[in-house]
Amino acid sequence: MLFCCEAKTQTNLIPNSSFEGYKNCSFVAFGAQYQAAIFDSLYNWYIPFGGGSTDYFNTCSPSNWSFAVPSTVAGFQYPKTGNGFIGFCPYANDAFNNTLAYVKEYARVKLNSKLQANTKYCLQFYASLADSSNYKTNVIQGLFTQNDTSIYIENTANSLAQIIIKKSYSDIQIGQWQLWEGDFIAQGNEEYFTLGDFRNDSIIDTVFIASYHYPDYYNYYFIDDITLYKCVDYEINIPNVFTPNKDGVNDEWFIEYDELMELFIYNRWGSLIAKQNGYKISWNGDDYNSGVYYYLIKTETKTYKGHIQLIR
Ligand SMILES: [Ca+2]
């Protein structure tokens, strides 16, 4: 018999990760003072204290409103997936109020569970530079904290964020969803994730694009589909010999991996004799004779082929 699979699936630690869940669609037509309220319509996500006026866009919004899709207040943009996405200025001056003060905007979410100590986590999201931007930055950061602290506290230290994703300027093109990814090793018990740019203003560099909608310095990113998982970055270990003679030593051909595996075992004539899937797979040889058998293992990212020697 085949040992069956343990049901285990990695869950994305970011809730409402594609910004599809919202409380209501009664978005206000325009005005910076209303934007926090609009973002408040999103489930799970919020603007941390001092975190600017991050926006929420959804196709449910009336088409002539500022938060409509695809013609948003910040530029023309379809969602990466689904109907909703968010947008923010990682670093811009206050064009609305025409002041020289710089504003930085942020979005925060409480994770589905606390992070585990000494564990590596991989962050991915899609970002698209809005066509209203007249400058661009090339850094977006992820900050993980144990508490729901204010942005003012977090911004006092330079480069406090654990994940600093930096792209080359030439890779950042207006209106194109691009994958941004980074990783870090958790200290343990981090429970809040904040997206933004936590660098000190003095070290932030920018590249001029063109003068679009705003006369002042303006840099705006749309964001969609954020995932946070434990990283899978070790090689799969596939044994090539086992001895199912019930002496308790090496009686099973056994593989465990952090990606879902699909296993096929063939005899020397190419006939499929065993098949299973899971995060743990094993074969006890059934009633097959000593000899050489062949495996094909498909994981979520790779395919492995080779032979297994069964010795009775
Ligand atoms: Ca979405």
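In the predicted model, strands β9 and β16 pair in the antiparallel sense over 8 bridges, and within this pairing Cys122 has Tyr229 of β16 as its bridge partner. Both strands belong to an open sheet of 5 strands, arranged in the order β2-β5-β16-β9-β13 with antiparallel pairing. The edges of this sheet are formed by β2 and by β13 (178-185), each of which pairs on one side only. On average, and with direction ignored, neighbouring strands of the sheet are turned by 35 degrees against each other. As a general matter, the strands of a sheet pair through backbone hydrogen bonds, in either a parallel or an antiparallel manner.

Another open sheet is formed by 5 strands in the order β1-β8-β14-β11-β12, and its pairing is antiparallel. Its edge strands are β1 (45-46) and β12 (163-166), each pairing on one side only. Strand β8 (residues 107-110) is joined to strand β14 (residues 192-196) by 4 bridges, the two strands running antiparallel, and Lys110 stands opposite Tyr192 in β14. On the other side of the order, β11 is joined to β14 by 5 antiparallel bridges, where Thr145 has Tyr192 of β14 as its bridge partner. Tyr192 is thus named in two pairings, opposite Lys110 and as the bridge partner of Thr145. Strand β11 is also joined to β12, by 4 bridges and again in the antiparallel sense, with Ile165 in β12 as the bridge partner of Ile140. Because 5 of the 7 residues of β11 (residues 139-145) are buried, this strand is largely enclosed by the rest of the structure.

The interior was examined next. The largest nonpolar core has 49 residues, and those with the most contacts inside it are Tyr56, Ile86, Ala107, Phe125, Ala127, Tyr221 and Ile223. At least two residues of this core are supplied by each of α1, β2, β5 (84-88), β8, β9 (120-129), β11, β14 and β16 (221-230), while the largest share, 6 residues, comes from β9. When residues up to four places away in sequence are not counted, Ile86 touches Phe19, Thr54, Asp55, Tyr56, Ala107 and Ile223. A second, separate core consists of 12 residues, among them Ile255, Ile265, Ala274 and Ile281.

Over the protein chain, the secondary structure comes to 2 helices and 21 strands, and 32% of the 312 residues count as buried. Among the contacts with a separation of 6 or more, 72% are made by residues 24 or more positions apart.

Several individual positions were also noted. A cis peptide bond, with omega about 5 degrees, joins Val69 and Pro70, and Pro70 is placed in the loop between β2 (55-58) and β3 (71-72). A positive phi, in a residue other than glycine, is found at Asn16, where the value is near 50 degrees, and at Asn250, where phi is near 55 degrees. Asn16 is placed in the segment before α1 (32-39), whereas Asn250 is found in the loop between β17 (241-242) and β18 (253-266). Asn16 counts as partly exposed because 15 C-beta neighbours lie inside 10 Å, and Asn250 likewise counts as partly exposed, with 14 such neighbours inside 10 Å. Asp287 lies in the loop between β19 (272-283) and β20 (291-298); because 6 other C-beta atoms are within 10 Å, Asp287 is exposed. The C-alpha atom of Asp287 is separated by 9.8 Å from that of Pro244, although the two residues are 43 residues apart along the chain.

The confidence of the prediction varies along the chain, which has a mean pLDDT of 85, with 84% of its residues reaching 70 or more. Over residues 1-8 the pLDDT stays under 50, and for these residues the model has 14 contacts beyond four places in sequence. Residues 29-33 also have a pLDDT below 50, and this stretch has 6 contacts in the model beyond near neighbours in sequence. Where pLDDT is low, predicted coordinates should not be read in detail.

Notes:
Residues numbered from 1 in each chain as written. Predicted model: local features only at pLDDT ≥ 70, side-chain atom pairs only at ≥ 80, totals over all residues. Buried ≥ 20, exposed ≤ 12 C-beta atoms within 10 Å, placed from the backbone. Contact = placed C-beta atoms within 7 Å. Pairing = 2+ DSSP bridges. pLDDT = per-residue confidence, 0-100. Core = buried A, V, L, I, M, F, W, Y, C linked by C-beta atoms within 7 Å. Axes fitted to C-alpha atoms, helices over the stretch in contact; angles between N-to-C directions.
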